[in-house]
Amino acid sequence: MQALEVNFDGLVGPTHNYAGLSFGNIASQNNQAQVANPRKAALQGLTKMKALADMGMTQGVLAPQERPDIHTLRKLGFSGTDANVLAQAAKQAPQILATCCSASSMWTANAATISPSADTADNKIHFTPANLSNKFHRSIEHAVTGNILKATFKDSQHFAHHDALPSVDHFGDEGAANHTRFCHQYGERGVEFFVYGKEAFNTAQVAPQKYPARQTLEASQAIARLHQLSDSHVVYAQQHPDIIDAGVFHNDVIAVGNANLLFCHQQAFLQQSSVKAELLQKMGDNFHIIEAPTDLISVEDAVSSYLFNSQLLSLPNGKTALVIPQECENNPRVWRYLESLVNGDSPIDQTLVFDLKQSMSNGGGPACLRLRVVMNEAEIAAANQATFINDRLYGRLNTWVAAHYRDRISEADLADPQLLLESRAALDELTQILQLGSVYPFQQ
Ligand code: SUG
């Protein structure tokens, strides 16, 4: 059956801020304590969604999480009224308060791993929310992520939802940021490519020394089992430990793939030549790999420009586009390299540049902001239609952002009880706009 790739972007939540929460993510660490602009962040994201929808891509949106997360703060012993919970946390444990205020669910590439129905034994689309267990502020996302995914992909005839894997380092799972699906036609069975940072139960295997490996092989294997994938159509690869130590905290910071094309850095994987050979063997003829050489693009340039955190899109006009952040244009080496790809005979025909600075300053580029779901016509028809971007929804979400979002948030604002009320009012209205029902703890 005909199918296509639908991108579901995360809407940036009203508490977007820079708290330096992600050890190993250089942008997050470098921008700690900067003043954030949640309104601008949300509008930058919406501009990208609308531009891709206008190019004929099917584009969806996923709602953000309820933050501050009073529910988690109460589990950690803060008590009294909601305002008291915030005041106590701000006084006794400001870092914990910051973790419970992060808008990090905007990076929906980490929301879940998705396997399209053409790849699974029961012919359903499988969803497993990522436990994100390596970072406390992200480990509290998966329950509500599961609610939002179920409200977006409701029909059990087409969609199978799993719980997140056990929340422990052995099964650390970062979702689609470490997963790529290759295929010749979207509706045909593809090859699912799982990239991990370390082996949890085999400590003899090399692993990064400086920064954490956020995904384990064992987590990737568990997802492949849950999603009923066949071994003959799965490839596992270990991220090179040295590049994790250089700030590549997810594979999507150093590689991107779509359809029959892998675009990656020369140093992305351990034993890269065997990884490429297995992909070529399992994909068969007509599989392309563009490997950026280190002497043209250093790992440092890749990390600072987010060249590989791009979206590789098959446009309806048959062209292949690379959606990149403005930071690529600002780096002369990266820009020269991109021009050589687009003007040469590579499969990439054009670049589309977006200003995503608010998200980039926390280590989130174009690819982090989207969750890909390959869907056929029947599956698109069975999904929640109120979540697809069109002129009307775009207009409505812009008005909603203007009505509810602040244009500056610093650490001191996180304890403001008014921010909690504003955020809940915004999300309550959003669940009506997107017809999600009650997905947040404050609504239950
Ligand atoms: O998990 N940053 C996110 C960025 C996620 C990017 N996603 C992908 N590469 N797919 C993270 O490290 C920073 C929050 C802060 O510091 O305030 C943060 O969570």
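In which helix does lysine 48 lie? The views below come from a predicted model.

**View 1. Lysine 48 in helix H2.** The helix that holds lysine 48 is H2, which spans residues 38-54. Lysine 48 has 0% relative accessibility. The cut-off for buried is under 20%, so lysine 48 counts as buried. Its contacts, leaving aside neighbours within four places in sequence, include Asp9 and Gln311. Val323, Phe354 and Leu356 are also among them. Pro366, Leu369 and Arg370 complete the list.

**View 2. Residues around the ligand.** The ligand sits in the largest cavity. It is surrounded by 22 residues. Leu21, Ser22, His137, Arg214 and Asp252 are the closest.

**View 3. Polar atoms facing the ligand at alanine 19, leucine 21 and histidine 250.** At alanine 19, a polar backbone atom is 3.0 Å from a ligand oxygen. At leucine 21, a backbone N or O atom lies 2.8 Å from an oxygen atom of the ligand. Histidine 250 uses its side chain: an N or O atom there is 2.9 Å from a ligand nitrogen. On its own, the ligand has 490 Å² of accessible area, and the protein covers 100% of that.

**View 4. Alanine 412 in the loop between helices H16 and H17.** Helix H16 covers 391-404, and helix H17 covers 417-433. Alanine 412 lies in the loop between them. Its relative accessibility is 66%. Exposed means over 50%, so alanine 412 counts as exposed. Alanine 112 is 300 residues away along the chain. The C-alpha atoms of alanine 412 and alanine 112 are separated by 32 Å.

Note on methods
Residues numbered from 1 in each chain as written. Predicted model: local features only at pLDDT ≥ 70, side-chain atom pairs only at ≥ 80, totals over all residues. Heavy atoms only, no water. Helix = DSSP H or I, 4+ residues; strand = E, 2+ residues; numbered from the N terminus. Buried < 20%, exposed > 50% of the residue type's maximum accessible area, 1.4 Å probe, protein only. Contact = heavy atoms within 4.5 Å. Near = heavy atom within 4 Å. Polar contact = N/O pair within 3.5 Å; in protein donor to acceptor, adjacent residues only side chain to side chain. Areas by Shrake-Rupley, 256 points an atom, 1.4 Å probe, with all protein chains shown as cover. 1 Å grid on protein atoms, 1.4 Å probe; cavity = no way out; pocket = protein on both sides within 12 Å on 5 of 7 lines; lining within 4 Å. Sits in = over half its atoms within 2 Å of the grid points.
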